[in-house]
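The following note sets out points for a colleague who is examining the model. The points are numbered for ease of reply.

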Amino acid sequence: MPNYSALLSLFDRYHSFALSTHINPDGDAIGSELALYTFLTEIGKSVKVFNTDAVPKNYKFLPCWEIIEGVKAVDTYRPEVLVVLDASALERIGKTLSKTLLPIHKLVNIDHHATAEAFGDINLIMPSASSTSEIVYKLIKHYQGAIGKACALCLYTGLMFDTGCFRYSNTTAETHRIAAELIEVGEFAPDEVYQNVYEQLPVAKLRLLSEVLGTLQVTHDRKIASVYATQEMFRKIGTKADAVEGIVNQIQSIAGVEVAICVSEMTDRSTKVSLRSRGHVDVSKLAAEFKGGGHARAAGCRIVAPYLTALTTLVQTAQRYMDQSSSEYTD
Ligand code: 5GP
Ligand code: MN
């Protein structure tokens, strides 16, 4: 069993806490952060939350989202304890934040990424957990055995998001048991949570989806599918690069496809990469070859190269992984 006690003792010993999570925060990042915020506040702690990127619109239904502050708000503030959630590496909270938001006493790292670095004084890394929200759930249960109402909604949102609405391979009977408890305690309607997170899309996002799907390519063996998004598309449609999020999941649904790749052209001449796997390829290892990371079935990285060059390299690398994994599989 993971060692919760070292972290729980910090809750008793210290008073001021700061929380942060990764850039371009998703449902698990914001959910786990706000869950820990509501819990720590309820037990009387002084808590601040600082993120590099703003809360995406579709998470503004979550309790307390307005308390999340930006990089500049840190100024000279120093918490006794800094808890970094779902980040996989400290720099992923953002270059500036990782240098300015410094704890006086302890740095805590709570994460479930397969590639998570143990950068904290205390590291609660559980790659088998469906989400960072699930780890926060377990932590709170160990502390006091009960989850607060607001906290339950935040945790459920994180759990729902990182399991792809309870579809991905990280979904277990335990995930469902936790989700059931959170629905009871939180007294929210799961369909409303779904609608808030996934059905608040601007029209532009669908137009971008249509453009990006138009670039679909599938390898001869039909095992690798890829798409790309360009600055030209973003300009034409009036969106930003973050509107690409989620598109990679669509192409993963093609019959027979084992690895799905989506690359986006960024303004700094680098290429943002999203990888998904359904088969035996561990895409966190593939991403790590390009200094990225993530999970076995969902990972990403940045490549300093034009997007088409990056895409060609990625397809070749994915092919190599596929060949390796199929030979391991048949052995
Ligand atoms: P997505 O494709 O949804 O952006 O990311 C999928 C997973 O890969 C997430 O768990 C995310 O944390 C991880 N990931 C995405 N991009 C990067 C990156 O540049 N570096 C690292 N270390 N992980 C990444
Ligand atoms: Mn996560």
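**Notes on the predicted model**

1. Helix 11, which spans residues 283-288, contains Leu 286. The coordinates under discussion are those of a predicted model. Leu 286 counts as buried, because its relative accessibility is 0%, below the 20% limit that applies to that class. The C-alpha atom of Leu 286 is separated by 20 Å from that of Leu 90, a residue 196 positions away along the chain.

2. Which protein atoms serve as donors to the manganese ion (ligand 2)? They are the OD atoms of Asp 28, Asp 86 and Asp 162, together with NE2 of His 112, at distances of 2.2 to 2.4 Å from the ion. Along the chain, the donors are spaced according to the pattern D-x57-D-x25-H-x49-D. Asp 28 belongs to helix 2 (residues 27-42), whereas His 112 sits in the loop between strand 5 (106-111) and strand 6 (122-125), so this pair ties together parts that are 84 residues apart in sequence.

3. Are these two donors, Asp 28 and His 112, buried or exposed? Asp 28 is buried, at 0% relative accessibility. His 112 is likewise buried, with a relative accessible area of 2%. For the geometry of the site, the reference values are ideal angles of 109.5 degrees for four tetrahedral donors and of 90 or 180 degrees for six octahedral ones. Water is not among the atoms, so the site may look incomplete.

4. Ligand 1 is surrounded by 15 residues, and the closest are Arg 92, His 113, Ser 274, Arg 276 and Ala 299. Classified by type, this shell comprises eight polar, four charged and three nonpolar residues.

5. Where does the shell around ligand 1 come from in the fold? At least two of its residues are supplied by each of strand 10 (271-277), strand 11 (293-294) and strand 12 (298-303). Strand 12 provides the largest share, with five residues. In terms of domains, domain 1 (5-198) and domain 2 (203-330) each contribute at least three residues to the shell.

6. Several side chains place polar atoms close to oxygen atoms of ligand 1. For Ser 274, a polar side-chain atom lies 2.6 Å from a ligand 1 oxygen. For Arg 276, the corresponding distance from a polar side-chain atom to an oxygen of ligand 1 is 2.9 Å. An N or O atom in the side chain of His 295 is 3.3 Å from an oxygen atom of ligand 1. Taken alone, ligand 1 exposes 490 Å², of which the protein buries 80%.

Conventions: Residues are numbered from 1 along each chain as its sequence is written. Chains are lettered from A and ligands numbered from 1 in the order in which they are written. This is a predicted model: local features need pLDDT of at least 70, side-chain atom pairs count only at pLDDT 80 or more; totals for chains, interfaces and linings use all residues. Side-chain values use heavy atoms; hydrogens and water are left out. A residue is near a molecule or strand if one of its heavy atoms lies within 4 Å of it. A polar contact is a pair of N or O atoms within 3.5 Å; within protein, one must be able to donate a hydrogen and the other to accept it, and residues adjacent in sequence count only if both atoms are side-chain atoms. Accessible areas come from the Shrake-Rupley method with a 1.4 Å probe; for residues, only the protein chains shown count as cover. Helices (H or I, at least four residues) and strands (E, at least two) are DSSP runs, numbered from the N terminus. Ala, Val, Leu, Ile, Met, Phe, Trp, Tyr, Cys and Pro count as nonpolar, Asp, Glu, Lys and Arg as charged, and the others, Gly among them, as polar. Domain bounds come from an automatic or database domain assignment. Donors are N, O and S atoms within 2.8 Å of the metal (3.2 Å for Na, K and Ca); water is not among the atoms, so sites may look incomplete. Buried means under 20% relative accessible area, exposed over 50%, partly exposed in between (1.4 Å probe, protein chains only).
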